Amino acid sequence: MNLINKKTVKDFNYKDKTVVVRCDFNVPIASDGEIKDDNRITASIPTIKYLLENNAKVVLMSHLGRPKGEPKVEFSLKTVADRLSELLERDVLFLDDDRVVSEDVKNKVKDMKQGDIALLQNTRFRKEEEENGEEFAKELASLGDIYINDAFGTCHRAHASNVGISSHLQSGLGFLVEKEVEVMGKSLDSPERPFIAILGGAKISDKIGVIDNLINMVDTIIIGGGMAYTFLKAEGYEIGNSLLEEDKIELAKKLIKKAEAEDVELILPVDIIVAKEIKDNTETKEVSISEIPVDMMGLDIGSKTREIFMEKIKKGKTIVWNGPVGVSEIPIFANGTNGIAKAMAESDGITIVGGGDSASAVKRSGFVEDMTHVSTGGGASLEMLEGKILPGIAAISNK
Ligand code: AMP
């Protein structure tokens, strides 16, 4: 996919135009209805401000949670409209309609002036959204003249509000998606070497595509987290109660062989932190991988491993990280993951962190500001690392 060729928000003249913008306002909401983390809203501000400064009429849309195609008050975007209004220090008209688009909504958009901004109700209140329904896509498109996609988090999905709509309007990428595409796309296309991938997280099964794709590109793959134990088992170690995907042992063996054949260095832990339970303040021990007690499980990398991983990472010129190398939500098992973040921060290479759990882990580590790029989309960034074409980006007009 030639991503450089896609139109962006800067490629249009907005005079007398209405722009429909797909944002990712899928923010975590607490049980009292409060927004717990407004990062995704603040991340959308540069595109919105640019459009307002260029005198566009701006109509925003997003999904929130999983209302499963029905209007549900707990998934209303009203709180997002209020927060956005505070952040922008101007009124945001909330177009609260269970059908998302209706005659009433269309009329209200018509009555808006250039430089005004509105937010539609949750696009997933309509079941046609996730089905990429043609009629719903047309209804959304009927609200404007230009469509901008600034929701990286949904780019791996083909829905009406991000893919369907683009068949009916000229379209471009917002700043947020453009940055994701530029940093990740370019690094994967022509990486500076050594190119190092660190893969962790719970399961191999979630990351097979990523490992398979990256083995063809990187110089080194570092494996930690829950998935390391299936690799260790494949190497003949006894792993006690550690996470094991029995049906993936053969695959792990194949991946080890493939790495050898491609001359890719594949590094596994040499020591680990074990415990009997996954909870804070539980008793822990550091053991070599050849001495894992039968009644304990590996929940973090050990200190020798941490040193080996960190030394390697510091020498990287392109470093991509997806998945914590331990149960890093619990502080006593977070040392390895924090070490990875520190080594990346200290390297002078390009450092990219996949979204989701890895993004939260790097935030907890305190090194988030030192990364070249922390992706805003978990699933979407994984699919990019798998080498897949993201439908939400592919659908955008070429220059
Ligand atoms: P993922 O979403 O695949 O990146 O997985 C992230 C999850 O993997 C986090 O919730 C971690 O707690 C978990 N995890 C990391 N290391 C381990 C481990 N050694 N055993 C069990 N779970 C782990």
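Reader: In strand 12, which residue is the bridge partner of Val274?

Author: That's Gly298. Val274 belongs with strand 10 (residues 271-275), which runs antiparallel to strand 12 and is joined to strand 12 by 4 bridges. A quick note on where this comes from: the model is predicted, so local features need pLDDT of at least 70, side-chain atom pairs count only at pLDDT 80 or more, and totals for chains, interfaces and linings use all residues. Residues are numbered from 1 along each chain as its sequence is written, and side-chain values use heavy atoms, with hydrogens and water left out.

Reader: So how do I read a sheet, and what is the strand order in the antiparallel one?

Author: In general, strands of a sheet pair through backbone hydrogen bonds, either parallel or antiparallel. Here the order is 11-10-12, an open sheet of 3 strands. (Two strands pair if DSSP finds at least two bridges between them; strands are DSSP runs of E with at least two residues, helices are H or I runs of at least four, both numbered from the N terminus.) Strand 11 (284-288) and strand 12 (297-301) are the edges, each pairing on one side only. Ignoring direction, neighbouring strands here are turned by 40 degrees against each other on average.

Reader: Which helix packs on that sheet?

Author: Helix 10 (residues 303-314), and helix 10 touches strand 10, strand 11 and strand 12 (contact means heavy atoms within 4.5 Å). Its direction makes about 40 degrees with that of strand 12. (Axes are lines fitted to C-alpha atoms, for helices over the stretch in contact; angles run from 0 to 180 degrees between N-to-C directions.)

Reader: What about the parallel sheet: what order do its strands have?

Author: That open sheet has 6 strands, ordered 9-8-7-13-14-15. Strand 9 (265-267) and strand 15 (373-374) each have a single partner strand, so one side of each has no neighbour in the sheet. At one of those edges, strand 14 (residues 350-353) pairs with strand 15 over 2 bridges, and Val353 stands opposite Val374. Helix 7 (residues 208-215) lies across strand 7 (195-199) and strand 8 (220-223), at about 165 degrees to strand 7.

Reader: And the ligand: how many residues surround it?

Author: 14, where a residue counts if one of its heavy atoms lies within 4 Å. The closest are Ala202, Gly298, Gly326, Glu329 and Asp357.

Reader: Which polar side-chain atom lies 2.6 Å from a ligand oxygen?

Author: One from Asp357. (A polar contact is a pair of N or O atoms within 3.5 Å.) Lys207 has a side-chain N or O atom 3.2 Å from a ligand oxygen, while a ligand nitrogen sits 3.2 Å from a polar backbone atom of Gly226.

Definitions and conventions. A polar contact is a pair of N or O atoms within 3.5 Å; within protein, one must be able to donate a hydrogen and the other to accept it, and residues adjacent in sequence count only if both atoms are side-chain atoms.
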